[in-house]
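Trainee: Could you take one part of this model and walk me through it slowly? I'd like a close look rather than a tour.

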Amino acid sequence: MTTIRLDAPRLLAHAEELADLLLDTVHGGASVGFLAPLDRAKAVAWWRGTAAEVAAGRRAVWAALDGRRVVGTVALAFPDKPNSRHRAELVKLMVHRDARGQGLGRALLTTAERAAAAGGVTLLHLDTETDSPAEHLYRTAGWTRAGVIPDYAADPAGTLRPTTLYYRRLPAG
């Protein structure tokens, strides 16, 4: 397994594979911001739009490749406000259903945390569907639960679900 940071051109080159991963994640029931059924063209368009955020420095994206395809991804979203340059949001941690249970989610999480710390970020935050498998990952990886917001986002089936907010302090550069 190889994990690479995707600059904008690389992200565009992998947009189709990333779209396949997004489709697998949504159709598997994970709440990552999209409703099912997700159209492939919309998934590809979303990733292509993300390339502009990467090019502008507002997002950093990593992809895990198993040699033939993208099987996982994670990203950091950086705020644009002067008073929040010390933090980033961990977003779109996804692992293909075929690649789960092998530690890839934890490896991607560690990659993002290390890169954030190396870039001077001292605080990460995220939200995840309450009681989801992802919540277990964050808890066991040492993230701190900040609280739960009821009816925060719809799952892929359209049902409103609570979300749990987490944060993690990183060592100063």
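Mentor: Let's start with strand β2 and its neighbours, then move on to the helix packing and a few backbone oddities. This is a predicted model, so local features need pLDDT of at least 70, side-chain atom pairs count only at pLDDT 80 or more, and totals for chains, interfaces and linings use all residues. Numbering runs from 1 along each chain as its sequence is written, and side-chain values use heavy atoms, with hydrogens and water left out.

Strand β2 covers residues 59–65, and seven of its seven residues are buried. Buried here means under 20% relative accessible area, with exposed over 50% and partly exposed in between (1.4 Å probe, protein chains only). Strands are DSSP runs of E with at least two residues, helices are runs of H or I with at least four, and both are numbered from the N terminus. Arg59, Val61, Ala63 and Leu65 point one way from β2, while Ala60, Trp62 and Ala64 point the other way, and all are buried.

β2 has a partner in β1 (residues 2–6): five bridges join the two, and they run antiparallel. Strands count as paired if DSSP finds at least two bridges between them. Follow arginine 5 across and you land on tryptophan 62 in β2. β2 is also joined to β3 (residues 70–77), by seven bridges and again antiparallel. There, arginine 59 has alanine 77 as its bridge partner. The hairpin of β2 and β3 has four residues between the strands, and its glycine 67 takes a positive phi near 105 degrees.

Now the helices. Two packed helices are described by the angle between their axes and the distance between the axes. Helix α2 (residues 15–27) packs on helix α3 (residues 40–55) at about 120 degrees, with axes 8 Å apart. That angle makes α2 oblique to α3. For the terms: axes are lines fitted to C-alpha atoms, for helices over the stretch in contact, and angles run from 0 to 180 degrees between N-to-C directions. Under 35 degrees is roughly parallel, over 145 roughly antiparallel, 65 to 115 roughly perpendicular, and the rest oblique. On the α2 side, the contact (heavy atoms within 4.5 Å) includes Leu18, Leu22 and Leu23. Among the α3 residues they meet are Val44, Trp46 and Trp47. Sorted by type, the residues of the contact of α2 with α3 divide into nine nonpolar, no polar and four charged. In that scheme Ala, Val, Leu, Ile, Met, Phe, Trp, Tyr, Cys and Pro are nonpolar, Asp, Glu, Lys and Arg charged, and the others, Gly among them, polar.

Proline 37 sits in the loop between α2 and α3. The peptide bond leading into it from alanine 36 is cis, with omega near -5 degrees. Most residues other than glycine have a negative phi, and most peptide bonds are trans.

Two more residues are worth checking on screen. Lysine 92, in strand β4 (residues 87–95), has a positive phi of about 50 degrees although it is not a glycine. Lysine 92 is partly exposed, at 21% relative accessible area. Aspartate 131 belongs to the loop between β5 (123–129) and α5 (133–140), and its phi is near 70 degrees, positive in a residue other than glycine. At 71% relative accessibility, aspartate 131 counts as exposed.
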